[in-house]
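Work through the exercises below with the model open beside you. Try each task before reading its solution.

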Amino acid sequence: MMLDATKGEVQRSLLEKELESVGIRLNKHKPNIYFKPKKGGGISFNSTVTLTQCSEKLVQLILHEYKIFNAEVLFREDCSPDEFIDVIVGNRVYMPCLYVYNKIDQISMEEVDRLARKPNSVVISCGMKLNLDYLLELLWEYLALTCIYTKKRGQRPDFTDAIILRKGASVEHVCHRIHRSLASQFKYALVWGTSTKYSPQRVGLTHTMEHEDVIQIVKK
C-alpha cells in the first residue's frame, strides 16, 4: 500500500477502513475457529483455550442474529466477536500488506524514524531514490516469490532473463515454465546456489529451488 508520508496516519486509516468494509483483512490470519451449521441438535460450543473476548452466551446471540440455531462451534484460539462473525460470513480475504511511506524527504528525521519502526512498514523517497533497494527486497519476501536463473552447458548463466516462481517451487516447476514437454525429457539438473550442499549439485525433479539459484537442465 503506497502512502504519502506527509499525510501522517489519516490516509492509511481511511484506506484500511475501506478495505475492511469489503471484507479484506490486512496482515491478519484466518481465525482458528471450527464452525459447521447443522440441521438439528441446537448449538454445540467448545473451546480448547481460555476465552477472554467471547463467551458461550455471546456466541449464541451472534448465531441467532444470523438466523443460525443449529451449529457446532470450536474455538482453538482466543478470538474476538468480530473475528467469529468473519468465520460465520465466510467470505473474508486475508492477505499480507506492506505499507510503503513515500516522500520521506519532505518530513523530519524523527517522523521518518517513527514510520520506519512501525510493523510491516518501509520508508522511501521515489524522487530522491532513497531506500528503493530495501523496498525491492521486502517485495520479494512479501510476495513469496523466487527468482531462478538458467544456464546452458558451457555458457555463463543468463542473469538478464530470470524465471519467477512461487517460493517452494521445485525443479519440475522450472521445467514446466520453460516448456511444457521439458519435464518428460528431463534426465537431471545441475544447480548452483543456496538450495544445494555444494555447487554444482546434481538434482532431480523434486529438488526445491531457492531465491537466485542457477539451474542447468540436462535432457535424456
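Three exercises follow, on a sheet, a helix and aromatic rings.

This is a predicted model, in which local features need pLDDT of at least 70, side-chain atom pairs count only at pLDDT 80 or more, and totals for chains, interfaces and linings use all residues. Residues are numbered from 1 along each chain as its sequence is written, and side-chain values use heavy atoms, without hydrogens and water.

**Exercise 1. The sheet**

Task: Find the strand order of the open sheet of 3 strands, and state which strands stand at the edges.

Solution:
- Step 1. Read the order: β3-β5-β4, with mixed pairing. Strands (E, at least two residues) and helices (H or I, at least four) are DSSP runs, numbered from the N terminus. Two strands pair if DSSP finds at least two bridges between them.
- Step 2. Find the edges. β3 and β4 each have a single partner strand, so one side of each lacks a neighbour in the sheet.
- Step 3. Check one pairing. β3 and β5 run antiparallel and are joined by 5 bridges. Tyr34 stands opposite Leu74 in β5.

**Exercise 2. Helix α2**

Task: Which residues of helix α2 (residues 56–65) are buried, and why do they line one face?

Solution:
- Step 1. List the buried residues (under 20% relative accessible area, 1.4 Å probe, protein chains only; exposed is over 50%, partly exposed in between). They are Val59, Ile62 and Leu63.
- Step 2. Look down the axis of α2. The buried residues fall within an arc of 100°, taken from the directions from the helix axis to the C-beta atoms, so they line one face.
- Step 3. Turn to the other side. Lys57 and Glu65 are exposed there.
- Step 4. Identify the packing partners. The buried residues of α2 pack against β3 (33–37), β4, β5 and α3 (81–89).
- Step 5. Step past the helix end. Just after α2, Lys67 takes a positive phi of about 60°.

**Exercise 3. The rings**

Task: How many aromatic pairs are there, and which rings form a cluster?

Solution:
- Step 1. Apply the rule. Rings of Phe, Tyr and Trp (its six-membered ring) pair if their centres lie within 6.5 Å; planes under 30 degrees apart are stacked, over 60 edge-to-face, the rest tilted. The count comes to 4 aromatic pairs.
- Step 2. Take Phe45 and Phe75. Their pair is tilted, at 5.7 Å centre to centre and 55° between the planes. It links strand β4 (residues 43–47) to strand β5 (residues 71–75), with the two residues 30 apart.
- Step 3. Move on to Phe75 and Phe84. This pair is tilted too, at 5.5 Å and 35°. Phe75 is buried, with a relative accessible area of 0%. Phe84 is also buried, at 0%.
- Step 4. Join the pairs. Phe35, Phe45, Phe75 and Phe84 form a cluster.

Key:
Contact means heavy atoms within 4.5 Å.
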